[in-house]
Amino acid sequence: MLDAVPSSRSKAGALEDERVIKLAVLAVGGQGGGVLADWITDVAERNGYVAQSTSVAGVAQRTGATIYYVEMCRDTGRLPVFALSPSQGDVDILIAAELMEAGRAIIRGFVTPERTTLIASSHRIAAVSEKIEPGDGRASSPKVHATAEAAAKRFIAFDMEKIAADNGSMISASLLGALAGSDALPFTRESYEQAVSAGGRGVKASLAAFGAAFDRARGITNTPPLGEKAAEPKAIETGATAKVSGPENLLKGWQDLAARVAALPLPLRDMSLRGLKKVVDYQDIAYGGEYLDRLDRAVILDKADHDYALSISAAKHLANAMCYDDMIRVADLKTRSTRDKRVRREVGVKDGSILQVTEYFHPRIEEFCGTLPSGLGSYIEARPKLAAFLDRRINHGRRIRTDSFAGFTALWFIGGLRRWRRRLLRHKVETAHLERWYALALGYVPKDYALATEILNCRRLIKGYSDTHVRARSKFDRVLSALDLLKGRTDTADWIRRLREMALKDEKGDMLDGALKTVATLGDGAGSPN
Amino acid sequence: MAERSFAKEVEKLRLGAGEEFSGEGILAITKALLQCGVGYVGGYQGAPISHLMDVLADAQDILGELGVHFEASASEATATAMLAASVHYPIRGAATFKSTVGTNVASDALANLASGGVTGGALIIVGEDYGEGSSIMQERSHAFAMKSQVWLLDPRPNLPSIVKAVEEGFELSEISNTPVMLQVRIRCCHVHGHFIAKDNKRPAMTVADALDAPRRDTGRIVLPPASFLHEKEKVQKRWPAAVDFIRNNKINEFFGPEHGSVGIVMQGGMYNSVIRALQRLGLADTYGATDVPLYVLNAVYPLIDDEFLSFCEGKDAVLVVEEGQPNYIEQAFAAMLHKAGRGTKLVGKEHLPMAGEYTGQVMLDGIGSFLRATIPHLLPSEVRAPNKIGDGLDTADLINVVPGRPPGFCVGCPERPIFAATKLVEQELGKHHIASDIGCHLFSIMPPFELGATTMGYGLGPASASAFNSPDAKRRSISFVGDGGFWHNGLTSSVGNAVFNKNDGVIVIVDNFYSAATGGQDILSSRAGNKTKSTKHPITEAVKGMGVKWLRHIDRTYDVTKMQDTLREALTTDEKGPKVIVASSECMLNRQRREKPLVDKAIKGGERVLKPKFGVDEDICTGDHACMRLSGCPSLSVKSLDDPLRDDPVAHIDQSCVGCGNCGEVADAAVLCPSFYRADVVHNPSRWDRFLEAARRATIGFLQRRRESRRLTFADA
């Protein structure tokens, strides 16, 4: 690759050459990059510049990555020759309307340390590939932040999407504000505001978003923040401050449980208190007691020199395992007053408007049997013909209006079955599964502490409803099936962790199966103790 | 109704002589057509030329005032065939479409038009979609110009140059009795710039005049013996006339010093990128003044031998900048030099890549390499011997981090549930051979759907599955075609063909009421009223008319269960012949554009309005993302919970949700999970609404308080 010299060329006797300012906007289709490019062109022309903007509009509406490109230089009466697309190493200002687009700009070579001001909104719009992983498939934002710091002359990043939303406007307005605030272009704030006002639509909100982003860019210029999410302190709350309300006798019971948590080693108090709250909220005080009893089994095996990793994992995954997702749980959550308030807040129901909420249910015979007393449920499940007959009657999509009396009452009633949950089939199944898993994990503690912890963490694999749940269970079983294959190795814990991560990569577990094949070929390799 | 309205911009078409026009390239071309006294215009939409069609559609009042006929052609072949109006009559006509896809379709008409030749100027404006951002196979329009012997203009990408090219194109066409192609690249179509306008001209002869006084000349009809004469006339009369015109009118331009040891020849469309490379190499200034002699081919076919040879005079080496392959221009120039016995060394693809777009970096590298090999002494020392400073920036890691972001279905798109249903049916019945087609529905090949094996051309989805018709097969093929493709070509080439050949496959016609992928233009089956076109012709009637017996119509694609049941039936029924499913729901982008202002107005006006939005109960969602693998809606995304108990992000629906219902339907059809809910907000509720609400709130509130008084409630639960 050839390096370029700066494009301004002045030879003795030649006319003073005007420098061309090159600005590229990388956006996700639908973000209003075209509006932004038009505003920038307008600002330039208002300031006595000649400007040219271009774009590839084909994907602009359809959520693909899109580039808008503007070139400008002072108007001297002669017509400059502008390029129609940005070149590597030849961009003065790069605006990324989303964080990964900043990353893409760097990869494409549009950001160079000697000259590029990189203005990026730090928010994320997950790409399809990031969303469809069964685990957490999202790209690493800190990595982009770190590279951007090194790649750009100046890096200005903050959540411009939030500023726009807070001001009832679109991100194009806050991006323009950040550009103006960065002083990367030799134009006054007023000229930007005039361009926005001339647009005519939603001017007030746009100007508000513009102003907020302008101030923010001014404030932080040259001191780019870390990923904002990462910078926030982790909210750590201990039992003393947790707000609990309810009848006296239950509160008394809760205090006893909370006292048990307070007696636990400090590093695991936070997780256990969260876990405890979750199970008590799920069932009752007694269930909370069961949870702590189970947890104690891990704690007595644990040692401080491992930072209580085993017990922390146990506190987390026991709570999740004990709060399995059944019809009762779903009905209970959907009929709470707190849920109603949350929906109203999220949807933004204004005074004078009425909210109607429709729930989508699709129960199958499995869910139905799970909610029957264990004897009856097992009886039906053992008879495929009867089960199929009932399934034909039950297995339909049901839309239930929880704002209506009938719909609400039906769910309220199912939620009330909580009282009898311990006697139901699903509880029996789940508890048995939990015990097997927990005992398996704890059994490894003396021999291989890390492995025991990893087995506990495999509980992460179990999630979803219906078929998804079945698939999750199968992945869980497949991962743990490797324990036999890995017997006697010192790196078993690592392998189990790797297998779990693979299992979260795709829906069916193809990556997991591939990894399991690798495990099967390991034999007594380098990792073996001998 | 098109995606973008040019209602405001078209007023610029009325500008008179001396006034400054400011706007997009596409609008400038339209203005140029009117300044040239064009008599009729037509074309077929498709990026980058869609906006030209939209501008024309929005400019019908102005066209009407001038007596200009506008035709939204059924296909590119139709548009080109329309130019037959200029064969016998001295009327200027223009057709426009995307190239090379459109040129392929137009090829038959183009060949016939070129054979007989034209009396009135006939201009074909092609939007060349080559390089980054292109959605089509990468080919060159140049080959069409060569094989049909029509002239190809490729003006420098700025407004004055393209306007001039339109004017010269008509004159060239008339003088040489040959249709002229004017090629504009995608960014040039969307470039924002200025030029000084002229007055619009009424056509000297309108199509109405022609109809009143019909003419014919058998010498211009493509039929032996006239067709043999056309072939000779092309080279004996028309070619020399074109060459003379191009030379005399200085259509090709020379820049830089008159003498120099090296020079660069380029297609006009490459000019700005060449100058930028020279600027960066220190050999040109901002305004294009350069130290290197340049020969700019605003007409790339035919080439002018003596012009080129005189440019080469005294030069040791000449670089040809010609994007794409094969390198026709370079080959032609090499032959000229060889035949003239010249020693000038001609280079091109040695320094520049054989294939692919000539981006800024490619141009800088290629031209730099050429100049360092030929005139290193003229280059600044930084270029000759760069001090490469290792910036230590390693982007290799970043490549693995940054996700790809191809275009996909819009928020609320009614095509998504069709593919969700297909995916679900495949889970039941196994994988099938799926043939795709051009249009938004082609996004089904991308994650999360990953459906479809081929795409062979517009309206050719079912045609491309026609070989897969075997009595021995246990599975049928599935093919998709959009409503745009259906009317463009699919009705005969795909559906008619399947009926005639007794194809047993399943054909899904995705009907979203518009030619959506090209920008939402109306087509025959559009359900909107259109002042100037005839719409509301159902696809089902056309399919029946073609002889299809097994036909199902789904009038709400969001009903995933029904879609799934219908597909299953089509794949398993004993009925012979093609199984056609017409899946109809309005393009959400267009629907929102149409309805949103009306809804906002109704709410403001105090009318009772129900506004839907979907949501996810985050404590019920387990973070498996099965819903996203069946939806892919941009408004359905992932969100981290501030809860250490939960490892994986949960589903979340953002403010862009339009409440189409796909999430709930998919959750239902695929038996996913109960975390989705639909929240309908009743704006301006009636008295009865309010009464009912009060009664419900009272009873529900009572039950909630009752339960909550008997359990512990955590403030943050």
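Let me start with a salt bridge inside chain A of this predicted model: Arg471(A) pairs with Glu507(A), and their closest N and O atoms lie 3.3 Å apart. The two partners come from distant parts of the chain, separated by 36 residues. Arg471(A) belongs to helix H22, residues 466-485, whereas Glu507(A) sits in the loop between helix H23 (492-503) and helix H24 (510-520). As for their surroundings, Arg471(A) has a relative accessible area of 26% and is partly exposed. Glu507(A), at 19%, counts as buried, because the limit for that class is under 20%.

I turn now to chain B, where a second pair links distant parts of the chain, Arg568(B) and Glu428(B), 140 residues apart. The arginine lies in helix H21, residues 560-572, and the glutamate in helix H18, residues 416-429. Their closest N and O atoms are 2.6 Å apart, and the pair forms a salt bridge. Are these residues buried or partly exposed? Arg568(B) is partly exposed at 25% relative accessibility, and Glu428(B) is also partly exposed, at 41%.

A third pair, again in chain B, joins Asp624(B) to Arg629(B) through a salt bridge with the closest N and O atoms 2.9 Å apart. Here Asp624(B) is buried, with 10% relative accessibility, and Arg629(B) is buried as well, at 6%.

These pairs belong to a wider set. Over all chains, the count comes to 102 salt bridges. Some residues are linked in a network of such bridges that draws on both chains: Arg19(A), Lys22(A), Glu71(A), Asp90(A), Asp92(A) and Arg115(A) from chain A, with Arg276(B) and Arg280(B) from chain B.

That brings me to the interface. How many salt bridges are found across the interface of chain A and chain B? The count there is 22. One cross-chain example is the bridge between Asp617(B) and Arg342(A), whose side chains meet with N to O at 2.9 Å. On the side of chain A that touches chain B, the residues divide into 61 nonpolar, 40 polar and 49 charged. Polar contacts between the two chains, with both residues at pLDDT 80 or more, amount to 52 residue pairs.

The size of an interface is often given as the accessible area lost when the parts come together. For chain A and chain B, that buried area is about 12400 Å², with 55% of it on carbon and sulfur atoms. The contact involves 150 residues of chain A and 129 residues of chain B.

The backbone takes part too. Strand E7 of chain A, residues 244-245, and strand E25 of chain B, residues 713-714, run antiparallel and are joined by two bridges. Within this pairing, Ser245(A) stands opposite Thr713(B).

Finally, some remarks on chain B as a whole. Its secondary structure comprises 25 helices and 25 strands. The C-alpha trace spans about 100 × 70 × 60 Å along its principal axes. Of the 717 residues in chain B, 59% are buried. Which share of the contacts in chain B with a separation of 6 or more comes from residues 24 or more positions apart? Such residues account for 78% of those contacts. The pair I described earlier, Arg568(B) and Glu428(B), is one that links distant parts of this chain.

How values were computed:
Residues numbered from 1 in each chain as written. Chains lettered and ligands numbered in written order. Heavy atoms only, no water. Contact = heavy atoms within 4.5 Å. Buried area = accessible area lost by both parts, 1.4 Å probe. Salt bridge = Lys/Arg side-chain N within 4 Å of Asp/Glu carboxyl O. Polar contact = N/O pair within 3.5 Å; in protein donor to acceptor, adjacent residues only side chain to side chain. Nonpolar A, V, L, I, M, F, W, Y, C, P; charged D, E, K, R; others polar. Pairing = 2+ DSSP bridges. Helix = DSSP H or I, 4+ residues; strand = E, 2+ residues; numbered from the N terminus. Buried < 20%, exposed > 50% of the residue type's maximum accessible area, 1.4 Å probe, protein only.
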